[in-house]
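Okay, everyone, thanks for coming. Let me put the model up, and then we'll walk through it together.

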Amino acid sequence: MPRKTALITGVTGQDGSYLTDFLIKKGYKIIGVKRRSSSFNTKRIDHIYNDIKQSKNFIPYYGDLTDSSNILRIIQSTKPDEIYNLGAQSHVHTSFEIPEYSANADALGTLRILEAIRVLKLQKKTKFYQASTSEIFGNTEIPQNERTPFRPRSPYAISKLYAYWTTVNYREAYDIFAVNGILFNHEGPRRGETFVSRKITRAVSEIYRKKRKFFTLGNLNAKRDWGSAKDYVESMWLMLKAKTPSDYVISTGKSYSVKKFVEEAFKYINIKISWKGKGLKEIGVNKKTGEVYVRVDPVYFRPTDVDELRGDSSKARRELKWRPKTTFQELVSEMMKSDLKEIK
Ligand code: NAP
Ligand code: F7E
């Protein structure tokens, strides 16, 4: 059987790199779309470039989701079996600063790929995965599943909701095998440093290594359903292997507050945290020594935030036989272990 080819946008990102590792192991040839950058942006996939065997299965292309002709040309010349659209301006807080760019890359970028599949008449050949997100639910009922109404609360979430419906529409209108993976927060040692999970594990590691005394956070009470990125990329592949295309929630079913994440990270280095004060004055202190390790800085508050996201992934568990393998405690430990090793 000829080898399958998978085109991945956002290949230099957290999920793009884990998915590349996963699909290469499955025997795929990867067409990796990366952005031109003034400094190196391939840290997460360098291990593939540097491995002679693996690099043969990886073909890099320069590309940008905001450039229609570029997207069309890459898809035309590679005609992939599967496209995973993971590229995005993925930072929710930043999307309030650059809403138009976020919409261009995240909403219209998705449309550009689906249009390319249609215009190039690849409907029968190319399956399409859209990296949708729990952020499209906003503040709504808990837990959220595929039937929960959408009430997005950021330019990022609104752009991803446009992409969600465009994916559904191209599936229904043009018979493209197109699916939305509605993934809840997923993390790991390769998570970007400005997302709260990695910001915490890095800062706690720096405190342990005596490189800093404290760190600042925003909304400590937000609750998220945190899973492992490595577990979640498998679900993307399973969705494209299914008999019929459909949209799936991918989550662990448990949610924890930002405070709980902080406590868990400190637990890894045998420190107990207690919380004192309220609002902007709230602090996280070392229960034993009284040292202040966490403070609140309003700069990290969003104009509108989502209070709690907790997913019900029973449809994926039933139909795809997918389930999360990593617990919250194991995830935090894995990230702490990796950051302690990195920060010497
Ligand atoms: P990430 O680490 O921020 O990676 C995003 C990737 O997109 C990077 O490779 C980035 O390139 C690329 N990118 C950004 N703008 C682009 C553009 N205009 N054209 C082409 N590529 C562009 O995000 P992630 O955590 O891996 O998430 C992957 C996808 O899943 C994203 O679409 C995200 O919105 C979505 N998602 C993530 C989560 C989560 O918890 N991680 C949950 C649900 C959905 P550079 O490396 O050059 O910046
Ligand atoms: O924030 C709060 C913040 O930026 C989580 C993206 O992958 O997952 C991610 O989006 C929560 C929020 O992730 C800080 O207000 C407190 O309530 O880590 P985050 P996110 O916004 O949930 C979804 C599913 C995606 O699709 C996105 O692409 O933590 N928070 N203090 C903070 N957040 C940050 N970043 N920094 C803080 O200092």
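So, to get us going: which residue has a backbone N or O atom 3.0 Å from an oxygen atom of ligand 1? That's Gln14. Before I go further, please keep in mind that this is a predicted model.

Let's stay with ligand 1. There are 25 residues around ligand 1, and the closest are Thr12, Asp15, Ser90, Tyr101 and Tyr156. Ser90 also makes a polar contact: a polar side-chain atom of Ser90 sits 2.7 Å from an oxygen atom of the ligand. Lys160 does something similar, with a polar side-chain atom 2.8 Å from an oxygen atom of ligand 1. As for cover, ligand 1 on its own exposes 910 Å², and the protein buries 89% of that.

Where does that shell come from? At least two residues each are supplied by helix H1 (14–25), helix H6 (99–119), S5 and H7. The top contributor is S5, which gives three residues. If you sort the shell around ligand 1 by character, you get nine nonpolar, 11 polar and five charged residues.

Now over to ligand 2. Here the shell has 22 residues, and the ones that come nearest are Thr133, Tyr156, Lys199, Arg302 and Asp305. You'll have spotted Tyr156 again; that residue was listed among the closest to ligand 1 and it is listed among the nearest to ligand 2. By class, the shell around ligand 2 holds eight nonpolar, eight polar and six charged residues.

What about polar contacts here? Thr133 has a polar side-chain atom 2.7 Å from an oxygen atom of ligand 2. Then there are two from the backbone. Thr194 places a backbone N or O atom 3.0 Å from a nitrogen atom of ligand 2, and Val196 places one 2.8 Å from an oxygen atom of ligand 2. On its own, ligand 2 has 690 Å² of accessible area, and the protein covers 95% of it.

Right, on to the sheets. Take the seven-stranded one: this is an open sheet with parallel pairing, in the order S3-S2-S1-S4-S5-S6-S11. Why does one side of S3 and of S11 have no neighbour in the sheet? Well, strand S3 (58–62) and strand S11 (248–250) stand at the edges and each has a single partner strand, so one side of each is left without a neighbour. On average, neighbouring strands in this sheet are turned by 20° against each other, if you ignore direction.

Zoom in on S5, since we've just met that strand around ligand 1. S5 covers residues 127–133 and pairs with S6, residues 178–183, in the parallel sense over six bridges. If you want one pair to look at, Ser132 has Ile182 in S6 as its bridge partner. Packed on this sheet is helix H7, residues 155–174, which touches S5 and S6 and has a direction at about 150° to that of S6. Then there's helix H9, residues 229–241, which lies across strand S4 (82–85), S5, S6 and S11 and runs at about 155° to S6.

And there's another sheet. This one is open too, with four strands in the order S8-S15-S14-S13 and mixed pairing. At the edges we have strand S8 (215–217) and S13, each with a single partner strand, so again one side of each is left without a neighbour in the sheet. Neighbouring strands here are turned by 25° against each other on average, direction ignored.

Let's see where the mix comes in. S8 and S15 run parallel, joined by three bridges, and Thr216 has Arg295 in S15 as its bridge partner. Helix H8, residues 196–208, packs on this sheet and touches S8 and S15, with its direction at about 160° to that of S8. Helix H10, residues 258–268, packs on the sheet as well, touching S8, S13 and S15, and its direction makes about 145° with that of S13.

The antiparallel part is next. S13 (residues 273–276) and S14 (residues 283–286) run antiparallel and are joined by four bridges; Ile273 is paired with Asn286 in S14. Their hairpin has six residues between the strands, and Gly277 there takes a positive phi near 80°. S14 and S15 (residues 292–296) also run antiparallel, with two bridges, and Val285 stands opposite Val292.

That's my tour, so over to you for questions.

Notes:
Residues numbered from 1 in each chain as written. Chains lettered and ligands numbered in written order. Predicted model: local features only at pLDDT ≥ 70, side-chain atom pairs only at ≥ 80, totals over all residues. Heavy atoms only, no water. Near = heavy atom within 4 Å. Polar contact = N/O pair within 3.5 Å; in protein donor to acceptor, adjacent residues only side chain to side chain. Areas by Shrake-Rupley, 256 points an atom, 1.4 Å probe, with all protein chains shown as cover. Nonpolar A, V, L, I, M, F, W, Y, C, P; charged D, E, K, R; others polar. Pairing = 2+ DSSP bridges. Axes fitted to C-alpha atoms, helices over the stretch in contact; angles between N-to-C directions. Contact = heavy atoms within 4.5 Å.
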